[in-house]
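Subject: Handover of a structure and notes on its charged side chains

Dear colleague,

Please find below the structure that I am passing on to you. My notes on its charged side chains follow directly after it.

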Amino acid sequence: MRRATREYRFLCLAIGTVIGMSLVGMGCATHVPPAELAQARTAYAQAQADPQVSTRAPVALREAEEAVRRAELTWDKEKDVREVQNLAAVAQQRVELARAAAVQKQAEIDVEQLGVERERVLLEARTREAQRAQEAVEQAQREADRAYQQARSATTRSTQLAQELTTTKEELAAQEQAAREQAARAQTKPCHCKRGVRCHCKK
């Protein structure tokens, strides 16, 4: 009888030990944070380490950090697995939004840079066109100056020739006048006839 009682007590003790260990195991299990929370922490840490995200989307990244902290505080205070899973999912969405915002911001910067580059190229093209136009104007001005100098030289030469021609005509006229006067003097001979004598000088 005592042996049966002792065996019964031993069996109850063993069952109690097993049950107690199970309860302890279950209690420990309930204190393990959900995997979603760890995933949210990892996603946020990776986004925070990405310089593109941290510099291009700081506001969205801060909102993701707040979502992760909210999930952690909920787990620390309430140990509500379902609620923490939902908050962790929200935190991961916030992280993805931060990444998307960084990509969008980078795209806007790229577009702006392309616009600046386009304006620079257009400005360089306009500058080259203006330079070519200026060179054409300068070339035309040089050609006009050369034509003016040539015309001026021709006019000066014509004036000189006209003056020389006038001088030659004047000289010829003077020579002709001198020749006429000389011829007139040659025809007029002095008369030495005495008065009362028939003059042979007159014709």
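Is Glu63 buried, partly exposed or exposed? With a relative accessibility of 35%, Glu63 counts as partly exposed. Please bear in mind throughout that this is a predicted model.

Glu63 is engaged in a salt bridge with Arg94, at an N to O distance of 3.5 Å. This contact joins distant parts of the chain, since Glu63 belongs to helix α4 and Arg94 to helix α5, 31 residues apart. Arg94 is also partly exposed, at a relative accessible area of 34%.

A further contact involves helix α4. Glu72 and Arg41 form a salt bridge in which the closest N and O atoms are 2.8 Å apart. Glu72 is located in helix α4 and Arg41 in helix α2, which spans residues 35–49, so this pair ties together parts of the chain separated by 31 residues in sequence. As to accessibility, Glu72 is partly exposed with a relative accessible area of 23%, and Arg41 is partly exposed at 36%.

The structure contains 8 salt bridges in total. Among them is the one between Arg118 and Glu119, where the N to O distance is 3.8 Å. Arg118 counts as exposed because its relative accessibility is 54%, and the cut-off for that class is over 50%. Its partner Glu119, at a relative accessible area of 44%, is partly exposed. In addition, salt bridges link Glu117, Arg120 and Glu124 into a network.

Lys79 deserves a separate paragraph. This residue is found in the loop between α4 (58–78) and α5 (81–187). Its phi angle is near 55°, which is a positive value in a residue other than glycine. The charged end of Lys79 sits over the ring of Trp75, at 5.5 Å from the ring centre. Lys79 is partly exposed, its relative accessible area being 32%.

How many aromatic pairs does the structure hold? The number is 0.

To recapitulate the contacts of helix α4: Glu63 of this helix pairs with Arg94 in helix α5, and Glu72 of this helix pairs with Arg41 in helix α2.

With kind regards

Methods. Residues are numbered from 1 along each chain as its sequence is written. This is a predicted model: local features need pLDDT of at least 70, side-chain atom pairs count only at pLDDT 80 or more; totals for chains, interfaces and linings use all residues. Side-chain values use heavy atoms; hydrogens and water are left out. Rings of Phe, Tyr and Trp (its six-membered ring) pair if their centres lie within 6.5 Å; planes under 30 degrees apart count as stacked, over 60 as edge-to-face and the rest as tilted. A charge sits over a ring if NZ of Lys or CZ of Arg is within 6 Å of the ring centre and within 35 degrees of the ring normal. Helices (H or I, at least four residues) and strands (E, at least two) are DSSP runs, numbered from the N terminus. Buried means under 20% relative accessible area, exposed over 50%, partly exposed in between (1.4 Å probe, protein chains only). A salt bridge is a side-chain nitrogen of Lys or Arg within 4 Å of a carboxyl oxygen of Asp or Glu.
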